[in-house]
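Colleague: Got a few minutes to go through this model with me? I'd like to start with a proline and work outwards.

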Amino acid sequence: MGNRLNRALVGLSAVVLLAGCGSDGSDDKSDTATDNESAPAVEYPVGVATVQVNDFIQAEVWYPAVEGTKGTETYDVKTFTPFVVQTMLTGDAPSTYTYAASRDAKPADGKFPVVLFSHGFGGFRTQSTFLTAYLASRGMVVISPDHPSRDLGAALTGGSFETDDPQVHLLESLDYLVNDTEIFADHVDASKVAAIGHSAGGGTVLAAAEDERIDGYVSLASGLLGPAEKSGKLPDKPSFFMAGSVDAVVPATRTEAAFKAAPSPSVYWNIEGVGHNGFDDLCTFGNGLGIIGVAMASGLEKLLEMQPQMRALGEDGCIKPARPVTETFPAIQNGVESWLRSLFAGEVTPPALPNDVTVTEQTK
């Protein structure tokens with residue numbers, strides 16, 4: 001019994017760490033939105049596909065689909081956990097996210113800019129569909145590979161994947177799209193490429209942005225990570241840094257410091273009421289409590305009491321003082337979209353500030 005409890009505690013602690021360090025979304029108990037009903041009008045219906053980037057790495061691709069494409073796609077966060085953890089998460093609290101997309105739909109005609117997405121520690125490739133699918137609906141092809149060295153499975157088991165290099169596999173995802181003549185090659189504009197990273201993924205995109213094919217990058221709730229942390233030097237590319245004012249995992253001051261170290265042109269947003277989990281889907285789970293709510297509904301509250309620090313990490317951005325994700329998702333979506341459009345147009349300009357969310361902005 002003691003060994004089983006220890007295994008459960010290790011697994012649960014890692015699940016909570018997932019919510020604190022590798023995801024984003026901000027919701028409270030009464031405002032949960034798993035179907036994205038309040039998202040702005042789309043330009044394209046969305047297609048979604050799971051692809052094999054190489055022998056080890058899978059990636060999710062969201063892309064503009066042909067007119068008339070309909071349907072929804074749903075994922076369950078439990079499916080990204082090891083089987084032993086799935087057996088413990090038996091409660092009925094919501095653990096799924098649903099968004100408008102059709103699996104393996106036919107791509108729309110034309111060529112579209114490419115966006116590479118890198119998830120954080122304890123994350124997974126579909127963790128931020130509120131943003132990745134949205135960008136596809138606005139005319140971009142978005143690809144998000146798993147990073148097995150730091151994904152949810154690795155976090156839960158304490159293991160790592162020795163052959164995994166997040167930076168390399170992010171760039172291999174770009175190669176995949178360009179070379180995949182069966183579906184995507186005729187629909188991507190490889191002359192227009194950007195990278196987005198959340199938390200640890202912010203460090204990955206800083207490294208990947210040194211590649212000459214990447215025009216610029218967006219860093220979400222991240223700071224100076226990887227080689228940039230030692231050197232203080234960031235890629236000489238346009239950049240956009242987003243922070244949350246109530247993020248206790250990566251405080252806004254750390255993101256602001258990265259912005260100040262970045263070459264011009266660069267933009268910094270500190271979004272009022274957003275926490276670390278304000279940049280992914282996870283706070284929509286567990287009745288607004290994120291993965292913590294899923295654990296509590298499974299009768300694991302005693303384990304949470306034994307790990308108060310882990311609980312604090314898991315709830316960051318999911319409970320007050322964070323605002324609900326239904327209120328903050330649109331500001332993130334529109335800000336990122338606007339900045340990317342200006343990047344791909346060759347005239348980088350700061351996005352218009354949202355009307356319904358307070359943002360402290362700096363530019364240079």
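**Walking through the model**

Colleague: Is P330 buried or exposed?

Modeller: P330 counts as buried, at 18% relative accessibility. Buried means under 20% relative accessible area, exposed over 50%, and partly exposed in between, using a 1.4 Å probe and protein chains only. Bear in mind that this is a predicted model: local features need pLDDT of at least 70, side-chain atom pairs count only at pLDDT 80 or more, and totals for chains, interfaces and linings use all residues. Residues are numbered from 1 along each chain as its sequence is written, and side-chain values use heavy atoms, leaving out hydrogens and water.

Colleague: Which helix does P330 lie in?

Modeller: P330 lies in helix α12. Helices (H or I, at least four residues) and strands (E, at least two) are DSSP runs, numbered from the N terminus. C-alpha to C-alpha, P330 is 9.1 Å from L131, though the two are 199 residues apart in sequence.

Colleague: OK, so α3 next. At what angle do α3 and α12 cross?

Modeller: Roughly 45 degrees, and the axes of α3 and α12 (residues 325-345) come within 10 Å. Axes here are lines fitted to C-alpha atoms, for helices over the stretch in contact, with angles running from 0 to 180 degrees between N-to-C directions. That makes α3 oblique to α12. For the wording: under 35 degrees is roughly parallel, over 145 roughly antiparallel, 65 to 115 roughly perpendicular, and the rest oblique.

Colleague: Which residues of α3 and α12 meet?

Modeller: From α3 you have F130, L131, Y134 and L135, and they meet F329, I332, Q333, N334, V336, E337 and L340 in α12. A contact is heavy atoms within 4.5 Å. The residues of this contact of α3 with α12 split into eight nonpolar, two polar and one charged. Ala, Val, Leu, Ile, Met, Phe, Trp, Tyr, Cys and Pro count as nonpolar, Asp, Glu, Lys and Arg as charged, and the others, Gly among them, as polar.

Colleague: How many residues of α3 are buried?

Modeller: Nine of the nine, so α3 is largely enclosed by the rest of the structure. Among them are T129, T132 and S137. After α3 comes G139, with a positive phi near 95 degrees.

Colleague: What about the loop before α3? Where is F124 found?

Modeller: F124 is in the loop between β6 (112-118) and α3 (129-137). F124 is buried as well, with a relative accessible area of 1%. The C-alpha atoms of F124 and D146 are separated by 5.7 Å, with their positions 22 residues apart along the chain.

Colleague: Changing topic: which residues have the most contacts inside the largest nonpolar core?

Modeller: L135, I196, M242, I271, V336 and L340, in a core of 54 residues. The largest share of this core, nine residues, comes from α12. By core I mean a set of buried Ala, Val, Leu, Ile, Met, Phe, Trp, Tyr and Cys residues joined through side-chain atoms within 4.5 Å. There's also a second, separate core of 39 residues, including F112, V114, L206 and I214.

Colleague: And what does M242 touch?

Modeller: Leaving aside residues up to four places away in sequence, M242 touches W269, I271, F279, A331, I332 and V336, among others.

Colleague: Quick one on backbone geometry. Which proline follows S264 in a cis peptide bond?

Modeller: P265, with omega near 0 degrees for the bond from S264. P265 is in the loop between α8 (252-261) and β11 (266-271). K320 and P321 are also joined by a cis peptide bond, with omega about 15 degrees. P321 sits in the loop between α11 (308-315) and α12.

Colleague: Why flag those at all?

Modeller: Because most peptide bonds are trans, and most residues other than glycine have a negative phi. On the phi side, D104 is not a glycine yet has a positive phi of about 60 degrees. S199 isn't a glycine either, and its phi is positive at about 55 degrees.

Colleague: Is D104 buried or exposed?

Modeller: D104 is exposed, with a relative accessible area of 57%, whereas S199 counts as buried at 7%.

Colleague: Last one: how many helices and strands in the protein?

Modeller: Twelve helices and twelve strands. Buried residues make up 60% of the 364 residues.
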